[in-house]
Amino acid sequence: MSQPTAIERLNADLHRRRQKADADKLALEATRQNRDEPASGHVQDDAFAAALARFSEAGQKTAAMRAAVEAYSADKEQSLVCAKHDFERRIDWNRSTAASVQSGTPELVYAECPGCATERRMVESSAWLVRCGVPEILRHASFETFICETPEDTQNLKHAREFAAQRMGILVIEGTVGNGKSMLAAAIMRAIGSGLFRTQKRLLADHRQTYNHENHAENIMRRAMFTKGVFVLDELKEPDGGRDEMPLIDEILSERHGNRRKVIITTNLLYERVKELLGERLSDRLKDGGFKRLIFSGSSRRERMKGKYFSEMPV
């Protein structure tokens, strides 16, 4: 004996629903007559009947499209392989039916590769970092993706996690070019969940845009002062000679320190030079209990690590 089709099963279920609705309606009318109550429920009954009819029509349309999708798939690939993660993606019948109902023609939707889904979610979850100034190349930065090559790296990562969990503080990350300072700063910002990321060069350029009132430029100094989370001053370097550069940095850092807002500074300069640039007043505040200093003394890791950092990361 052949099994009933999807449409036959749906019609049988709708028939049972109608029978129960009719029985309930008769029972309700009998109760009203016994109590001499007016039949005030006709409007609700009509609404229920209309909703049931719409449900029946939609159900039949969905069942018919499901049958059409199954027929359409007969000579099509039943699965695809994700070349990147070697995962077999089979036809997702529910999503295929839904997409086909929406478009009006049969189409196939295959299950998403879990690896690709993880990467997609990572890209989506990183969008706010890019909006807050983190360079596109560092949008994937996290404590989990930071690769420790030496005991020094491991210790710095440990201190970075501790700093992210603190309520306040200033963190200076120093070392030679290309050894992971900016990536670790971006990872801390991700862990904190909010902030502003600016290189010294871009911070100054944004600030100078405000000199021309016709530009209607954002007041980057105020944003850096009051942004929630952490302000990352990336690549602190020797001033370019402008009289506004160090006063701008001093205003921002003093305001954030005075109101117990977090700051991260990354630099290639030696610590003694950093203190000279910040000035005696601000340097003295670095002695507070909330201050940490991380040092990366190794050589640049960019060339030898770029494959591990970027080849398997979403773009």
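Me: A charge sits over a ring if NZ of Lys or CZ of Arg is within 6 Å of the ring centre and within 35 degrees of the ring normal. What makes Lys-76 count as lying over the face of Tyr-72?

Reply: Lys-76 is 4.2 Å from the ring centre of Tyr-72, so the distance falls inside the cut-off. Lys-262 gets the label too, lying over the face of Phe-163 at 5.2 Å from the ring centre. Before we go on: this is a predicted model, where local features need pLDDT of at least 70 and side-chain atom pairs count only at pLDDT 80 or more, while totals for chains, interfaces and linings use all residues. Residues are numbered from 1 along each chain as its sequence is written, and side-chain values use heavy atoms, with hydrogens and water left out.

Me: Why is the pair of Tyr-271 and Phe-291 called stacked?

Reply: Two numbers describe any ring pair, the distance of the centres and the angle of the planes. The rule takes Phe, Tyr and Trp (its six-membered ring) and pairs rings with centres within 6.5 Å; planes under 30 degrees apart are stacked, over 60 edge-to-face, the rest tilted. Tyr-271 and Phe-291 come out at 6.2 Å centre to centre and 25 degrees between the planes, so they pass as a pair and as a stacked one. The structure holds two aromatic pairs.

Me: Which parts does that pair tie together?

Reply: Helix H10 (residues 271-285), home of Tyr-271, and strand S7 (residues 291-296), home of Phe-291, so parts 20 residues apart in sequence are linked. Helices (H or I, at least four residues) and strands (E, at least two) are DSSP runs, numbered from the N terminus. Both Tyr-271 and Phe-291 are buried. Buried means under 20% relative accessible area, exposed means over 50%, and partly exposed is in between (1.4 Å probe, protein chains only).

Me: How do you know that the buried residues of H3 share one side?

Reply: In H3 (residues 93-103) the buried ones are Ser-96, Thr-97 and Ser-100. They cover an arc of only 95 degrees around the axis, which puts them on the same side of H3. That arc is taken from the directions from the helix axis to the C-beta atoms. The face turned away from the buried side carries exposed Asn-94 and Gln-102.

Me: What makes Asp-92 a cap for H3?

Reply: A side-chain oxygen of Asp-92 lies 3.3 Å from the backbone nitrogen of Asn-94, at the N-terminal end of H3. A polar contact is a pair of N or O atoms within 3.5 Å (within protein, one must be able to donate a hydrogen and the other to accept it, and residues adjacent in sequence count only if both atoms are side-chain atoms), so the distance fits. Just after H3, Gly-104 takes a positive phi of about 90 degrees.

Me: Why is there no disulfide between Cys-116 and Cys-82?

Reply: A disulfide needs two cysteine sulfur atoms within 2.5 Å. For Cys-116 the closest cysteine sulfur, in Cys-82, is 3.6 Å away, so that is too far for a bond. The disulfide count comes to zero. Cys-116 itself is partly exposed at 26% relative accessible area.

Me: What makes Arg-120 and Glu-124 a salt bridge?

Reply: Opposite charges can pair when their charged atoms come close. The rule asks for a side-chain nitrogen of Lys or Arg within 4 Å of a carboxyl oxygen of Asp or Glu. Arg-120 and Glu-124 meet at 3.3 Å, N to O, so they qualify. Both lie in helix H4 (residues 114-131), four residues apart, about one turn of the helix. Together with Glu-112 they are linked in a network of salt bridges. The count comes to 18 salt bridges, among them Glu-162 with Lys-158 at 2.8 Å and Arg-261 with Glu-255 at 3.5 Å.

Me: Why is Asp-86 called buried, partly exposed or exposed?

Reply: Asp-86 has 65% relative accessibility, so it counts as exposed. Asp-86 is found in the loop between strand S1 (79-82) and strand S2 (87-90), with a positive phi of about 55 degrees although it is not a glycine. Arg-260 also has a positive phi of about 55 degrees without being a glycine. Its loop runs between helix H9 (245-258) and strand S6 (262-267), and at 55% relative accessible area Arg-260 is exposed.
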